[in-house]
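Visitor: I have a protein model open. Can you teach me how to read its rings and helices?

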Amino acid sequence: MSLDLRDRIRDVPDFPTAGVVFKDLMPLIADPEYFAETIRRLAEWARPRQPELVLGAEARGFIFGAALAYELGAGFIAARKPGKLPRETVEASYDLEYGTDSLQLHRDAVQSGSRVIVIDDVLATGGTASAKVELVEDLNGVVAGVLFVLELTFLNGRDRLQGYDVHSLIQY
């Protein structure tokens, strides 16, 4: 019997702002059986795309991205908030469903032509994901796929990722 990953996703109403129902994946990460199954399913999709690198953004993108990179035998690169990386960076700004933000990547994080899987926990409006795609392409990397644990389909985030190979394990 296959695990239903939804069993370990908790709804948190009115977070981070009133009217938003936050999908909390921390119970999924905390359960060793469910977390292992999540990484297995992510790797099953990513492996045929032959990535050399996995790119995740803080904070949950680090958790899923590092575990996925390990499972694939790929390297992991971290997109961070401005001012957190010690060397020369490239930056991309994006809109969130409740504000704006930016991400940075070390300028030497992606070698030209490297195949990169961009991963995050949730696809909502697509702003964070499109910023990560922009960072990879600014460094002449190849976006081999854009991967999510969970997708909030009603926010139409996929629309911002047209032309890319996009996959999510769970849709709401």
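Guide: We take aromatic rings, then charges over rings, then one helix. Keep in mind that this is a predicted model.

Visitor: How many aromatic pairs are there?

Guide: The count comes to 3 aromatic pairs. Take F15 and F22. Their ring centres are 5.3 Å apart and their planes stand at 85 degrees. Planes over 60 degrees apart count as edge-to-face, so F15 and F22 are an edge-to-face pair. F15 is partly exposed, at 43% relative accessible area.

Visitor: What kind of pair do F62 and F76 form?

Guide: F62 and F76 are edge-to-face, with 6.1 Å from centre to centre and 85 degrees between the planes. The pair links distant parts of the chain. F62 belongs to helix α3, F76 to strand β4, and 14 residues separate them.

Visitor: Are F62 and F76 buried or partly exposed?

Guide: F62 is partly exposed, at 24% relative accessibility. F76 is partly exposed too, at 29%.

Visitor: Which charged ends sit over rings?

Guide: Look at K23. Its charged end sits over the ring of Y172, 3.9 Å from the ring centre. Now find R49. Its charged end sits over the ring of W45, at 3.8 Å from the centre.

Visitor: How do I read a helix?

Guide: Start with the general idea. An α-helix has 3.6 residues a turn, so residues three or four places apart point the same way. Now the case here. Helix α4 covers residues 127-138 and reaches 16 Å from first C-alpha to last, close to the 16 Å expected.

Visitor: Is α4 mostly covered or mostly open?

Guide: Mostly covered: 9 of the 12 residues in α4 are buried. Among them are G127, V133 and L135. After α4 comes N140, with a positive phi near 65 degrees.

Technical notes: Residues are numbered from 1 along each chain as its sequence is written. This is a predicted model: local features need pLDDT of at least 70, side-chain atom pairs count only at pLDDT 80 or more; totals for chains, interfaces and linings use all residues. Side-chain values use heavy atoms; hydrogens and water are left out. Rings of Phe, Tyr and Trp (its six-membered ring) pair if their centres lie within 6.5 Å; planes under 30 degrees apart count as stacked, over 60 as edge-to-face and the rest as tilted. Buried means under 20% relative accessible area, exposed over 50%, partly exposed in between (1.4 Å probe, protein chains only). Helices (H or I, at least four residues) and strands (E, at least two) are DSSP runs, numbered from the N terminus. A charge sits over a ring if NZ of Lys or CZ of Arg is within 6 Å of the ring centre and within 35 degrees of the ring normal. The expected span of a helix is 1.5 Å times one less than its number of residues.
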